[in-house]
Amino acid sequence: MSSSVPERLAEIRSKAPVDGSWLVGGSVRDLLLDRPVTDIDLVVSEDPRGVAQRLARSLGGSPFPLSERHGAWRVVDSGHTIDVAGCRGTLEQDLALRDFTINAIAIPLAGGEPIDPGGGRADLDAGVVRAVSDAVFDDDPLRLLRLPRIAHELDFEIEPATARLAEARRGRAAEPSAERIFMEVRRLIGGDRPAEALRRVDALGVLDVVMPEIAPLRGCLQSEHHQLDVWEHTLHVVEAVADIGDHPGHYLPAHVDRLRGELDAVVGDEMTGRQALRLAALFHDIRKPQTRREVDGRIGFMGHDAQGSEATAAILGRWKASNDLIRFCRMLVREHLALGFSIPSRPLGLRLAHRYLRATQPWPASSVMLSLADRLATRGPSSRLRHLRKHSETADEMLTLIDELERDAGPPLLRGDEIAGEAGARGAEIGRLVEVLAEEQAAGTVTTREEAVALVREQVRQDG
């Protein structure tokens with residue numbers, strides 16, 4: 001072991017003082033790679049429940065069962081987690097039941113030489129992810145997603161025989177629970193270079209199993225404005241939106257505070273706006289193949305935004321995502337064309353900005369970022385610099401107007417009950433008139449109560 005390992009092991013031992021235990025799994029892997037060890041995995045020879053409860057009492061943490069199948073327990077304490085599992089047979093037998101050799105190394109928590117029956121240390125040195133046995137994917141099919149995710153996170157290669165084994169077992173990738181699959185998808189898309197991570201999953205044939213909606217995107221040719229098929233374009237959008245999220249000041253410097261506010265906010269399922277944007281980018285053209293029409297040599301995808309929004313909700317619903325995350329992604333997919341369609345209307349004006357804000361609240365800047373990424377990822381005639389410049393200028397203009405609308409927003413000139421009393425409106429008509437009045441008030445065409453009363457009365461008269 002390197003000279004730094006004993007010192008770091010002592011630090012881990014101070015966080016998880018369990019006599020006679022072994023550090024295992026990703027904890028050892030990250031320790032040996034000199035990566036941060038945020039989650040501590042322990043194997044013990046006694047009852048893991050009792051160990052977890054004693055550990056929780058000593059640390060002031062909270063214990064709870066993690067796996068009924070393996071009898072593992074988790075203790076959460078001040079920003080890190082400690083997983084405690086019983087040893088399955090001898091330590092060597094336990095390690096042989098793990099997923100990959102780089103995760104099948106054990107180190108005595110008290111210090112000592114690693115136990116490495118599978119040659120995991122050599123694979124760490126070689127930068128290779130290798131299956132412990134031919135049964136790893138049958139024992140837990142979620143490992144079909146974990147394999148490319150771990151290889152991507154570590155920038156390792158997948159050992160060829162392991163890749164072939166994963167390809168042969170890819171049909172089982174949808175068997176784990178929806179929640180576990182979605183957890184892996186979030187980790188895949190939430191890290192560095194998300195498009196490359198998706199390509200790793202795709203190369204094994206696993207992506208089509210967990211998300212069959214992807215398959216029709218391949219080979220789906222687009223209009224003359226695109227040189228890439230829908231799938232390649234989608235991957236470019238995922239990468240572009242990730243770069244915007246990481247460097248918002250480079251793209252829209254005048255609005256960096258608003259962008260960062262939305263990027264840093266938690267949307268749902270522990271995903272920030274920065275991470276959830278990548279998910280929306282993955283889905284943004286998901287219904288292009290189903291809406292593709294070619295008329296007189298021109299290719300179009302009428303309605304793919306609305307249909308894609310519904311498909312997005314269905315996919316995330318299948319994965320048991322939170323309602324908040326579904327609403328976020330669904331809105332972004334539905335509105336991803338709106339900013340680009342507004343370019344011919346420049347200068348935009350407060351009325352158009354009000355409509356855009358109403359459609360995208362409470363995430364208007366996220367919608368702008370996805371639209372900008374969509375344009376940046378276009379490969380074809382419309383990717384010329386003047387088109388990119390126009391789109392960026394429109395994004396800046398829209399956010400400037402939205403800032404103005406929010407800064408100058410006042411109370412409505414008439415409430416719904418007042419509209420009913422002044423104009424005799426009833427039922428759903430009241431809601432429509434509230435929206436009409438809000439738009440005119442935002443546009444500055446109605447500024448007094450008297451003008452508001454006149455407007456709603458005229459609307460009712462015309463409808464009558």
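## Close-up views of a predicted model

**View 1. Helix α7 and its buried residues.** The buried residues of α7 are Arg-143, Leu-144, Leu-145, Leu-147, Pro-148, Arg-149, Ile-150, Ala-151, His-152 and Leu-154. The model shown here, and in every view below, is predicted. Helix α7 covers residues 143–154. It is largely enclosed by the rest of the structure, because 10 of its 12 residues are buried. From first C-alpha to last, α7 reaches 16 Å. That is close to the 16 Å expected at 1.5 Å a residue. Asp-155 follows the helix, and its phi is positive, near 60 degrees.

**View 2. The whole chain, for orientation.** The chain holds 25 helices and 12 strands. Along the principal axes, its C-alpha atoms fill a box of roughly 85 × 55 × 40 Å. The chain has 464 residues, and 49% of them count as buried. About 21100 Å² is exposed. Carbon and sulfur atoms supply 50% of that area. Take the contacts between residues at least 6 apart in sequence: 69% of them join residues at least 24 apart.

**View 3. Thr-162 in helix α8.** Thr-162 sits in α8, which spans residues 160–169. Is Thr-162 buried or exposed? It counts as buried, because its relative accessibility is 3%, and the cut-off for buried is under 20%. A polar atom of the Thr-162 side chain lies 2.9 Å from the backbone nitrogen of Ala-131. Ala-131 also appears among the contacts of Thr-162, once neighbours within four places in sequence are set aside. The others in that list are Val-129, Arg-130, Phe-137 and Leu-147. Leu-147 links this view to View 1, being one of the buried residues of α7.

**View 4. Strand β2 between its partners.** Strand β2 runs over residues 39–44 and is mostly covered. Five of its six residues are buried. Strand β1, residues 22–23, is joined to β2 by two bridges, and this pair runs antiparallel. Here Leu-23 stands opposite Leu-42. Strand β5, residues 80–86, is joined to β2 by six bridges, and this pair runs parallel. Here Val-44 stands opposite Gly-86. In a regular strand the side chains alternate between the two faces of the sheet.

**View 5. Asp-83 in strand β5.** Asp-83 lies in β5, the strand that runs parallel to β2. Its relative accessibility is 14%, so Asp-83 counts as buried. Which residues does Asp-83 contact, leaving aside neighbours within four places in sequence? Ile-40, Asp-41 and Leu-42 are among them. Leu-66, Trp-73 and Arg-74 are also in the list. Leu-42 is familiar from View 4, where it stands opposite Leu-23.

**View 6. Helix α3 and the residue after it.** Helix α3 covers residues 48–59. Its 12 residues should span 16 Å at 1.5 Å a residue, and its end C-alpha atoms are 16 Å apart, so the two values agree. Buried residues in α3 are Pro-48, Gly-50, Val-51, Ala-52, Leu-55 and Ala-56. An α-helix has 3.6 residues a turn, so residues three or four places apart point the same way. Just after α3, Gly-60 takes a positive phi of about 75 degrees.

**View 7. Nonpolar cores.** The largest nonpolar core has 117 residues. Those with the most contacts inside it are Leu-279, Leu-282, Phe-283, Leu-316, Trp-319 and Leu-325. Which helix gives the most to this core? Helix α12, residues 230–246, does, with eight residues. A close look at Leu-316 follows. Beyond neighbours within four places in sequence, Leu-316 contacts Phe-182, Leu-279, Phe-283, Ala-321, Leu-325, Ile-326 and Cys-329. A second core is separate and has 15 residues, including Leu-413, Ile-419, Leu-433 and Val-460.

**View 8. Ile-430 in helix α24.** Ile-430 is placed in α24, residues 428–443. At 19% relative accessibility it counts as buried, since the cut-off for buried is under 20%. Ile-430 and Asp-417 are 13 residues apart in sequence. Their C-alpha atoms are 8.2 Å apart in space. Leaving aside neighbours within four places in sequence, Ile-430 is in contact with Gly-416, Ala-420 and Ala-425.

Terms used: Residues are numbered from 1 along each chain as its sequence is written. This is a predicted model: local features need pLDDT of at least 70, side-chain atom pairs count only at pLDDT 80 or more; totals for chains, interfaces and linings use all residues. Side-chain values use heavy atoms; hydrogens and water are left out. Buried means under 20% relative accessible area, exposed over 50%, partly exposed in between (1.4 Å probe, protein chains only). Two strands pair if DSSP finds at least two bridges between them. A polar contact is a pair of N or O atoms within 3.5 Å; within protein, one must be able to donate a hydrogen and the other to accept it, and residues adjacent in sequence count only if both atoms are side-chain atoms. Contact means heavy atoms within 4.5 Å. A nonpolar core is a set of buried Ala, Val, Leu, Ile, Met, Phe, Trp, Tyr and Cys residues joined through side-chain atoms within 4.5 Å. The expected span of a helix is 1.5 Å times one less than its number of residues. Accessible areas come from the Shrake-Rupley method with a 1.4 Å probe; for residues, only the protein chains shown count as cover.
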